[in-house]
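Subject: Structure handover

Hi,

Here is the structure I promised to pass on. Have a look at it first, and my notes follow underneath.

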Amino acid sequence: MIGEGIQSTNQRRHSFVQDRVEVGFFTDPSVCIGCKACEVACKEWNHVPDDGFTWSGNSYDNTGHLGASTWRHVMFLEQDRQKGNQIVGSHSLANGDGEDPFRWVFLSDVCKHCQEAGCLEACPTGAIVRTEVGSVLVQNDVCNGCGYCVVSCPFGVIDRRPEPLPDAGGAFKCTFCYDRQKSGLVPACAKVCPTESIVFGRLDDLRARGAERVQQLQQSGYNDAQLYDPTETSVRGIHAFFLILGEPEAYGLPPKPQVPTIYLKSAWGAAFATAIASIIATLLAFAFFS
Amino acid sequence: MTSDSPAEKRLEELREQAWKDGVVPGRGVDVVGGPIPRKPGYYGQPVVKPPVWTWEIPIYFFVGGLSGMSAVIGSAAFLFHHVDLARAAMWLAAIGVVLSSILLIMDLGRPLLFINMLRVFKHQSAMSMGVWILSTFGACVVPGLIALELHAHHVFGGTIDQLLRIAAAILIFGSAFFGTLLATYTGVLIGATAIPAWFLHRLLLPIHFGTAGLGSAAGLLELLGHRLAALNVVGYYAAVVESVLLIWLSIDKHGMADRAIHEHGSGWLIRIGEILTGPLALVLRLLGLVPFAAMSFLVGALVSRFGWIAVGKVSGSDPESVFAAERY
């Protein structure tokens with residue numbers, strides 16, 4: 001499966017945009033080596049500006065989180081857990097119960113391109129659109145920087161770019177390299193990934209591949225391997241889904257993300273009730289006390 | 001060696017703690033990484049993004065609420081022939097709608113592209129609906145005020161004056177309708193987001209914002225010298241509703257998920273705002289200190305708008321509140 005060379009969907013040219021095929025990213029931390037080639041490729045291809053550098057002290061992660069100028073982010077998790085059939089500690093060979101288990105997990109985070117996208121629904125200018133391949137795209141020349149998408153994303157992906165960076169004031173996030181896809185090229189991050197931890201391809205193929213990979217890993221002792229693809233919530237699945245080891249919380253992923261439009265009905269109900277109550281109260285006040 | 005001196009004992013303690021726990025926390029020493037990170041989520045990073053909105057938005061909430069509900073008072077005053085009050089209320093509404101538009105545009109990352117808001121109508125976006133409500137409200141209030149003033153000063157005579165009166169009536173009632181929506185939609189705007197402390201209170205927010213708008217409008221008109229019994233009653237109504245909301249907010253707690261409302265500086269802003277608009281305004285009215293009640297309500301309504309934006313920033317930056325909110 002891994003390392004199909006030039007036969008891999010990461011390297012082949014394609015016509016997904018022309019054929020209107022739903023595409024996706026499958027990101028697999030079990031083969032990620034934390035090289036950050038995806039971060040660099042994304043910044044270089046998309047001309048994403050340098051947004052400063054600070055030592056975080058958080059393992060090898062000085063990127064921090066996704067944002068207006070960070071569209072791929074390699075996470076470095078340090079956990080006191082066993083990784084697969086990893087042998088830990090000096091006693092574990094003898095009696096089998098490992099002491100001081102430790103694992104280092106790398107996962108390249110990215111915009112999830114939700115089936116029901118909070119940012120897209122919230123955008124009041126129509127700057128955010130759904131493309132032919134199912135991805136969610138911000139049109140920079142239309143966005144007026146109202147900031148409503150920022151609080152509407154259940155994954156905290158999209159953000160408004162601050163001054164003095166180029167194109168400041170607008171909202172930015174991963175474009176799924178829509179420009180490259182239109183020309184039959186693979187997104188920059190997937191193209192450069194040396195271990196195919198990021199796989200680009202048809203969404204249905206990737207989902208099958210992800211399920212297969214989870215089984216494979218569980219058989220090799222990775223008992224906590226699972227897919228992160230919230231199809232059961234109002235988000236109704238994501239185009240960029242992940243294999244994760246352990247709980248989603250450790251990756252900063254919400255276990256049950258919801259698209260905020262589900263809250264509209266009750267909130268508008270309260271608004272209309274208040275509107276009517278205010279009118280009636282005012283009219284009664286003037287009718288009986290003037 | 002003075003190994004029994006308190007300073008040496010302290011060092012021994014630290015060594016023991018380091019041996020036992022593997023980590024020694026201390027003031028100014030922030031253990032972020034090793035040996036195993038102990039912050040919630042991924043190194044304590046926010047799971048959702050806190051709002052990027054600055055001071056313009058809470059002031060917009062305040063001014064928009066006051067402006068919208070002024071039109072409601074204006075239409076009631078017009079209906080019951082309090083022409084002076086109707087004129088004052090419509091002036092407040094008109095000034096408010098201009099200020100609101102300026103504040104809303106100022107807050108944009110790219111103010112010159114404001115007009116792009118008017119190229120789509122999206123019922124599923126509270127922001128889009130709000131822009132259309134504000135625009136329609138402005139389109140009712142400003143000509144409504146002009147018609148009212150022309151009619152009040154009898155600039156034209158005969159049929160034209162009669163037509164102006166009818167036009168003023170239609171436009172004033174129209175602005176009352178869209179005014180109530182302008183005052184309440186802001187609650188929907190922040191209630192329908194991914195910020196836990198906001199969406200958990202999506203029922204309370206429109207009620208609070210709308211009622212705070214109504215009380216502010218009545219209060220400001222009273223401070224401008226319109227001391228009608230009817231305005232006092234509206235003031236009572238708003239203060240009573242706000243007092244009930246204060247009780248609701250202190251009962252309807254969601255633990256970690258909405259702790260931004262009960263802890264931190266943001267929690268204090270909410271509490272101070274609610275006390276000023278609720279119990280304090282109510283007591284001052286009962287004591288007959290109407291101007292003080294009006295001022296208390298106005299300050300409280302402004303403070304609580306800042307409070308709710310602050311709550312959004314605290315809650316959105318808190319990964320534990322997002323994880324906890326998934327249970328509700």
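First, a bit of bookkeeping on residue classes: Ala, Val, Leu, Ile, Met, Phe, Trp, Tyr, Cys and Pro count as nonpolar, Asp, Glu, Lys and Arg as charged, and the others, Gly among them, as polar. With that scheme, the lining of the second largest pocket splits into eight nonpolar, five polar and four charged residues.

Keep in mind that this is a predicted model, with pLDDT of at least 70 needed for local features and 80 or more for side-chain atom pairs, while totals for chains, interfaces and linings use all residues. Residues are numbered from 1 along each chain as its sequence is written, chains are lettered from A and ligands numbered from 1 in the order in which they are written, and side-chain values use heavy atoms, with hydrogens and water left out.

Pockets and cavities

Both come from a 1 Å grid over the protein atoms alone: a cavity is a set of points where a 1.4 Å probe fits but cannot get out, a pocket is an open set with protein on both sides within 12 Å along at least five of seven lines, and lining residues have an atom within 4 Å of a point. Grid points are joined across faces, edges and corners, and a volume is the space filled by probe spheres set on the points.

The second largest pocket holds about 370 Å³. It has 17 lining residues, and Trp71(A), Val138(A), Asn140(A), Phe172(A) and Thr175(A) are the closest to its centre. Elements giving two or more residues to that lining are α2, β5 (136-138), β7 (171-172) and α6 (178-182) of chain A; helices (H or I, at least four residues) and strands (E, at least two) are DSSP runs, numbered from the N terminus.

The largest pocket has about 640 Å³ of space. Its lining has 30 residues, with Asp51(A), Gly52(A), Asn62(A), Thr63(A) and Thr70(A) nearest the centre. Two elements, α2 (37-46) and β6 of chain A, give two or more residues to this lining, and the largest share, four residues, is from α2(A). By class, the lining has nine nonpolar, twelve polar and nine charged residues.

As for enclosed space, the whole structure has eight cavities of 30 Å³ or more. The largest has a volume of about 150 Å³. Among its 17 lining residues, His65(A), Leu66(A), Asp109(A), Gly252(A) and Pro46(B) are the closest to the centre. This lining is made up of eight nonpolar, six polar and three charged residues.

The second largest cavity comes to about 110 Å³. Of its 16 lining residues, the closest to the centre are Cys123(A), Pro124(A), Cys143(A), Cys146(A) and Cys149(A). Here the split is eleven nonpolar, four polar and one charged.

The interface

In chain A, 83 residues are in contact (heavy atoms within 4.5 Å) with 73 residues of chain B. The two chains bury about 6000 Å² between them, 64% of it on carbon and sulfur atoms; buried area is the accessible area (1.4 Å probe) that two parts lose on being put together, summed over both.

What holds for polar contacts between chain A and chain B? There are 27 such residue pairs, both partners at pLDDT 80 or more, where a polar contact is a pair of N or O atoms within 3.5 Å; within protein, one must be able to donate a hydrogen and the other to accept it, and residues adjacent in sequence count only if both atoms are side-chain atoms. On the side of chain A that touches chain B, β2 (72-79), α4 (118-122), α5 (148-152), β6 (159-160) and α9 (264-288) each supply at least two residues. The largest share there, 18 residues, is from α9(A). That side has 47 nonpolar, 26 polar and ten charged residues.

Salt bridges between chain A and chain B number zero, taking a salt bridge as a side-chain nitrogen of Lys or Arg within 4 Å of a carboxyl oxygen of Asp or Glu.

Other details

Over all chains, the salt bridge count is 15. One of them joins Asp229(A) and Arg207(A) (2.9 Å, N to O). Asp229(A) is in the loop between β9 (225-228) and β10 (240-245), and Arg207(A) is in helix α8 (residues 203-219), 22 residues apart.

The Glu163(A) to Pro164(A) peptide bond is cis, with omega near 0 degrees.

Cheers
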